[in-house]
Each structure stands twice: as C-alpha cells, then as structure tokens.
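This report is a first walk through one protein model. Please look at the sequence and the structure before reading on.

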Amino acid sequence: MKKTFASILVLCVLLCGVFALTACNGTNGIGFMNSSNTESTYDYSNLKKDGYYNLKNNQTNTIAEDEEVEKFTVNFVNLGDTYDYSTEVKSGSSVKLPNVTKLGYDFVKWQQKVDNNYTDLSVSADNSIVVNRDITISATWEILTFEITYNFGNGSLAEDEAKKESFTVEDLPMILSIPNLEGNCFTGYNVKDSNQKIVEIKREKSYLKDYNLTATYDSLDNCFSYAFVDETQSYEITGYKGKSNIIALPNEIAGKPVTTIDRYAFKECNVLTDVVISESVTNIEAFAFKNCAKLNTLAIGSNVTSIEAGAFSGCVSLTRLVIPKSVENIGNYAFQFCGPKLVIYCETGSKPEGWSNSWFFGKTIWQDKVAK
C-alpha cells in the first residue's frame, strides 16, 4: 500500500512539471523564445517613435528599434533681440519657429539657406515646418524710419539745418539739433502731446516714434554766471544758476565766443541731467562737473582739446560718453568714481600721449567714429 501511494505521488510531480513547461511555452508566456528562436506573441503593429514596443497585454518591453531614427540639425540665425541657436530633431519632426523681435525693425519673413543663398521658406499656418534635412533658417527684417519736426520759436540753427529730420535706430543715441537765440540759453525740447522734455533720443524702445518738438529757452543771466577774459577775447562759464535739468552752453555771449568752463563751475549741481557742451568750447577745467550725481547725458563739443583733472569725477549716473578726436589732453582721474556702468567711446582710435594713464579706469572702446 505504501509503495502504491509513493508511486502515485511521483507520477503527480512529473505531471505538474509537464504542465508547467507547457504553460511557459504556451500563448500566455512572456519573454521566452520557442525552439525556432522567434519571438512568440509581440504585437509590432504599434511601434512607438521612442523605440519601444506595445504588447497585446498592454505591458511595455524595452526592446530598441533595429535601426536608429535619423536626426537633423536646425540652425536659427539673425534672430534680432534673441541669440542665434541650434537644435537637433528627428527626421519628419514638426518644429515651431520662434517668435522674434528686433529693436527698431519689423519682422518680414523666414528664409532658408540653399547653396550659400537664402530663399523664402514655406511655413504652415501654425508657424511650423517639417524637418527632413539639415537646415539653416534666417529671420529677415525691415528697418523703421521715424520723423522729427522742429519748432524753434524765435531761435534758429547755426548752419541753417532743415526743420524736419528723419532717423532710424542705427542713428541712436542721437543729440538733437541745438538752436541759437541771442541772449538766451537753450533748455531742451518739449515733446508734443507729452510731458516729456528731451535733448537726446536714446536707443530704447520708448524713444522709437515720430516727434513734434518745440524748443524752450531761458535768459543767459538766469542760467549762468560768466566772465570775459581780455587775454583771449572770449568768455568762460563760471557757474550755473538755472532751474532747468537740460542745458546747452551758448556758443557766444555778446558776439564773443565761449571757450572755457571754469574750475568747479557746475560742481555738485544735482539739478542737471542733460548737458550739451557747445562747439565753441575748447577747455574744460579741473573739477568743472565734479559730483553732478544726476548727470546722465553728456555731449562734448567737437572742438574741445583739454579736459583737466577730475573734471567729471563723481558723475555716477553717466552710462555712455563719447570723447571726440579733438581732445589732446586729459588730466588725472578726470572720470574717477563715475560708476561701473559707464562706457567711454574714444574717437582717437588709441590713447594720445597727452592723456594721463589714470584718466579713467573703466571700460573704454577705441574707434574712429562714434554716434553721439
């Protein structure tokens, strides 16, 4: 009896083993290969782009595609206010083109580079393209032009310039034309339909528009103290008494040229934000504009030959300045403590011998011609 029971038990174990092997090789098994070394029950009809297969039982198996998907490079150039960049995409991918802007320009269209030439690029309604090759795509632009209408009142321009003027962003920043009115000091332009008063058009978005300008003046005696120098038969400006934040120094007083800005003449004059130094001035003496903390716009006349020590030291609001090629001498620390944002453009191309080695310690750009 015991032998019979043992025989039955062994038979049962053998039968269980047979059933287990059958199940592993049957239609419900996952991950095993049959004797012919072929995959058994995968459904390959739904091949994903990322190289994975879907199985009938909705499970995912990480089996890579036999062949790697081809990829292409898309280069974007001439994007205006955005840096050029490149991206790599799979063949047949749809790529959305970027939204681009450029200060002072209108966007026109997209072009593609073909054999070193640019041709128009066909773009879908949703601003995208399908990529099937390496491609370089460029934005194209049209520059905007703006108009200025001057109203000089009783004043006039020294060289009979036109009362209308046009400009583009490439002309900026730009000092506006300065009119003369005998016995008076020019104190800026009022902008029509605005509370704005200006003497400079800056390279900023808010300044890109048409202008209708009306000149404003104050009497010389209200603006400046000045003295006549017998030796040179010219005048020097010795101080500022005015209330305007914008001033242009006169070319003449009583028919005689204004050639010098005296020592300390505008020292700590914190009302001033914009100063235009006239073409008649040749010498800016020591500490003339020291600690003019709000001075932001400074135009130095093209006949200035000497800027003495500390002349503009402590003018912390200055961010941009052009030194004309006429300047032969600059004294020690002429632009000391002017703040880290100041960039000085020098039309001399290189430092003249007459400029002190300690005239300025900030960023300097040497080039032959600079927009003022």
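The sections below go from the whole chain to its sheets, its cores and two loop residues.

## The chain as a whole

The model is a predicted one. Its protein chain has 372 residues, and 38% of them count as buried. The secondary structure amounts to two helices and 30 strands.

The accessible surface of the protein chain is about 21600 Å², and carbon and sulfur atoms account for 49% of that surface. Taking the contacts between residues at least 6 apart in sequence, 48% join residues at least 24 apart.

## A sheet of five strands

One open sheet holds five strands in the order β5-β4-β10-β7-β8, and its pairing is mixed. The edges are formed by β5 (85-90) and β8 (117-120); each has a single partner strand, so one side of each is left without a neighbour in the sheet. From one strand to the next, the twist averages 35°.

The pairings can be followed across the sheet in that order. β4 and β5 run antiparallel and are joined by six bridges, with Phe76 opposite Tyr85 in β5. Strand β4 (residues 71-77) pairs with β10 in the parallel sense over four bridges. In this pairing Val74 stands opposite Ile135 in β10, and the bridge partner of Val77 in β10 is Ser138. Strand β7 (residues 105-114) runs antiparallel to β10, and seven bridges join the two; Phe107 stands opposite Trp141 in β10. β7 also pairs with β8 in the antiparallel sense, over four bridges. There, Val114 has Asn117 in β8 as its bridge partner.

## Burial within this sheet

How many of the nine residues of strand β10 are buried? Seven are, so strand β10 (residues 135-143) is largely enclosed by the rest of the structure.

In a regular strand the side chains alternate between the two faces of the sheet. Strand β4 shows such an alternation together with a split in burial. Phe72, Val74 and Phe76 point to one face of β4 and are buried. Lys71, Thr73, Asn75 and Val77 point to the other face and are not buried.

## A sheet of three strands

Another open sheet has three strands in the order β27-β29-β30, with parallel pairing. Here β27 and β30 (363-366) stand at the edges with a single partner strand each, so one side of each has no neighbour in the sheet. On average, neighbouring strands of this sheet are turned by 20° against each other, direction ignored.

β27 and β29 run parallel and are joined by four bridges. Within this pairing, Leu321 has Ile344 in β29 as its bridge partner.

## Nonpolar cores

Which residues touch the most other members of the largest nonpolar core? Of the 45 residues in this core, they are Phe266, Ile277, Ile284 and Phe289. The elements that give two or more residues to the core are α2 (220-223), β19, β22 (256-261), β27 (320-323) and β29 (343-346). β19 gives the most, with three residues.

Ile277 can be taken as an example of the surroundings of one core member. Leaving aside neighbours within four places in sequence, Ile277 is in contact with Ile261, Ile284, Phe289, Leu298, Ala299, Ile300, Gly301, Val304 and Phe312. Apart from the largest core lies another core, of 42 residues, among them Trp110, Phe152, Val199 and Tyr207.

## Two buried loop residues

Ser244 lies in the loop between β19 (234-240) and β20 (246-248). Is Ser244 buried or exposed? Its relative accessible area is 14%, and buried means under 20%, so Ser244 is buried. The side chain of Ser244 reaches the backbone oxygen of Ile246 at 2.7 Å. Beyond neighbours within four places in sequence, Ser244 is in contact with Thr187, Lys197, Val271 and Leu272.

Thr168 is found in the loop between β12 (164-167) and β13 (174-175). At 15% relative accessibility, Thr168 also counts as buried. Leaving aside neighbours within four places in sequence, Thr168 is in contact with Ile143, Leu144 and Thr145. Of these contacts, Ile143 belongs to strand β10 (residues 135-143), the strand that pairs with β4 and β7 in the sheet of five strands.

Terms used
Residues are numbered from 1 along each chain as its sequence is written. This is a predicted model: local features need pLDDT of at least 70, side-chain atom pairs count only at pLDDT 80 or more; totals for chains, interfaces and linings use all residues. Side-chain values use heavy atoms; hydrogens and water are left out. Buried means under 20% relative accessible area, exposed over 50%, partly exposed in between (1.4 Å probe, protein chains only). A polar contact is a pair of N or O atoms within 3.5 Å; within protein, one must be able to donate a hydrogen and the other to accept it, and residues adjacent in sequence count only if both atoms are side-chain atoms. Contact means heavy atoms within 4.5 Å. Accessible areas come from the Shrake-Rupley method with a 1.4 Å probe; for residues, only the protein chains shown count as cover. Two strands pair if DSSP finds at least two bridges between them. A nonpolar core is a set of buried Ala, Val, Leu, Ile, Met, Phe, Trp, Tyr and Cys residues joined through side-chain atoms within 4.5 Å. Axes are lines fitted to C-alpha atoms, for helices over the stretch in contact, and angles run from 0 to 180 degrees between N-to-C directions.
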